[in-house]
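Here are some exercises to work through with the model open beside you. Try each task before reading its solution.

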Amino acid sequence: SNMVKFDYLPLSASDRNAEGSDQIQYPPGQPGADPGNDAQAQLPSDSQPVLPNEGGVSSENSGTQTEDALILQETVSVPQPESDAPVVPLPALFGGVLAALLAGMVIGKLVSSRKAGRKPAQSSNAAVCSYGILHEQGRRDSQQDAFCVTGQEPSGILAAVADGMGGLVNSGEVSQLLADALTDGFAPDPQISLVRQLQLTVQQAIEKVDAALQSCPSRGGSTLVACLVQNGELAWLSIGDSRIYLWRNGGLIQLNREHNFSRDLTLLALQGDLTLEEAGTDPRRENLTSYIGRGFPGAIEWNEEPVSLLPGDQILLVSDGVYRALSQNELENCLYKSSAQETVQSMRTLIQKKDFPNQDNYTGVVIKIG
């Protein structure tokens, strides 16, 4: 069959830099554009995907969305720990198709105990023992990040980080509204699968945000990364470019990937529409292709099967203000601390020591297991 070609609306350059910025601006005059040049973002696709039914992906126009969608909903399976497997530090995942393929080959060697037909070994110690929160304004004029941590063991703990998008109006209010909606709407139900519980909680929060924004002539937007820990298992869901990591045996692995134009430019390069060098230097590559605040997000990512957690594991959720300021190695070193609170304090000290003149808001939630 012929390879599908992707068409995109032209996007203007964002102002992202090494210090971290999720500002995204589009040309004035587009629908919803704000007179003050804080234009409302226009997603490259008008497709409206919906959350899947259990066990699969569904959409209203499954037969026609492939050609005009950037990234619709994608599911990612994370290998489950195997009780008799040797201790293997999890590798770091880097952006880009080639790096993802290489990392996938390494991860593939960790055989999933579920797929092997064996129930994962559960430990009475594989429960949340502590968490820490990092939440600073940086050098920005306002705080547009928000977070939530709610619930309790054993019924389940929900954590999330939301990053309001610069260049859009009221994005700080949107991210806080999203965090509040998640907190208020979280009602753990052990009769429902872990992944489905998280999906329903996020779906309801998105509906609340959209309803609250209906009367706003110029809307803001926010990313979201959320996780649910229950009975020694982890479910996660991601929209935008905030990140979730799993730290195990001294290795840090990024579980999600960013929904930005970089991936789509790489697809265009692989199709021969531009060179890989052009894709890597395109000023639009950091522009978001999915966020909450303008109808249903253009892309959502989650894990199909819960990740079985082990004592000593740590879960890290961060806005881009953290991972653009600290390297992978620096994050790993911070997570070696004995407590979650010490970890976030170490992250805060490192970021403040770097003293970037354009330091973005930076928010992180660290959850320690066992």
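A salt bridge here is a side-chain nitrogen of Lys or Arg within 4 Å of a carboxyl oxygen of Asp or Glu. Keep in mind that the model is predicted.

**Exercise 1. Salt bridge between two helices**

Task: Find the salt-bridge partner of Lys 354, and state where the two residues sit.

Solution:
- Step 1. The side chain of Lys 354 meets that of Glu 330, with an N to O distance of 2.8 Å. That distance is within the 4 Å cut-off, so the pair counts as a salt bridge.
- Step 2. Lys 354 belongs to helix α8 and Glu 330 to helix α7 (residues 328-334), so the bridge links distant parts of the chain, 24 residues apart.
- Step 3. Is Lys 354 buried or exposed? Its relative accessibility is 30%, and therefore Lys 354 counts as partly exposed.
- Step 4. To widen the view, note that a search of the whole structure finds ten salt bridges.

**Exercise 2. A helix tied to a strand**

Task: Describe the salt bridge of Arg 348 and the cover over each partner.

Solution:
- Step 1. Arg 348 and Glu 136 form a salt bridge through their side chains at 2.8 Å, N to O.
- Step 2. Arg 348 lies in helix α8 (residues 340-354) and Glu 136 in strand β2 (residues 128-136); the two are 212 residues apart.
- Step 3. Buried means under 20% relative accessible area. Arg 348 has 13%, so Arg 348 is buried.
- Step 4. Glu 136 has a relative accessible area of 24% and is therefore partly exposed.

**Exercise 3. From a salt bridge into a sheet**

Task: Start at Arg 243 and follow its partners, in the salt bridge and then across the strands.

Solution:
- Step 1. The side chains of Arg 243 and Glu 258 meet in a salt bridge of 2.8 Å, N to O.
- Step 2. Arg 243 is in strand β7 (residues 243-248), while Glu 258 is in the loop between β8 (251-254) and α4 (261-270). Both Arg 243 and Glu 258 are buried.
- Step 3. Across the strands, Arg 243 stands opposite Val 318 in β11. Strands β7 and β11 run antiparallel and are joined by five bridges.
- Step 4. Strand β11 is also joined to strand β12 (residues 362-369) by five bridges, again with an antiparallel run. Here Leu 317 has Val 365 in β12 as its bridge partner.
- Step 5. How many residues of β11 (residues 314-318) are buried? Five of its five residues are. Gln 314, Leu 316 and Val 318 point one way, and Ile 315 and Leu 317 the other way.

**Exercise 4. The nonpolar cores**

Task: Say which helix gives the most to the largest nonpolar core, and explore the contacts of Leu 182.

Solution:
- Step 1. The largest nonpolar core has 29 residues; Leu 182 is among those that touch the most other members, as are Leu 178 and Val 202.
- Step 2. Among the elements that each supply at least two residues of this core are α2 (171-185), α3 (194-213) and β5 (224-230). Helix α3 gives the most, with eight residues.
- Step 3. Beyond its neighbours within four places in sequence, Leu 182 is in contact with residues including Cys 148, Ala 160, Val 202 and Leu 224.
- Step 4. A second, separate core has 21 residues, including Val 128, Ala 159, Ile 244 and Leu 255.

Key:
Residues numbered from 1 in each chain as written. Predicted model: local features only at pLDDT ≥ 70, side-chain atom pairs only at ≥ 80, totals over all residues. Heavy atoms only, no water. Helix = DSSP H or I, 4+ residues; strand = E, 2+ residues; numbered from the N terminus. Buried < 20%, exposed > 50% of the residue type's maximum accessible area, 1.4 Å probe, protein only. Pairing = 2+ DSSP bridges. Core = buried A, V, L, I, M, F, W, Y, C linked by side-chain atoms within 4.5 Å. Contact = heavy atoms within 4.5 Å.
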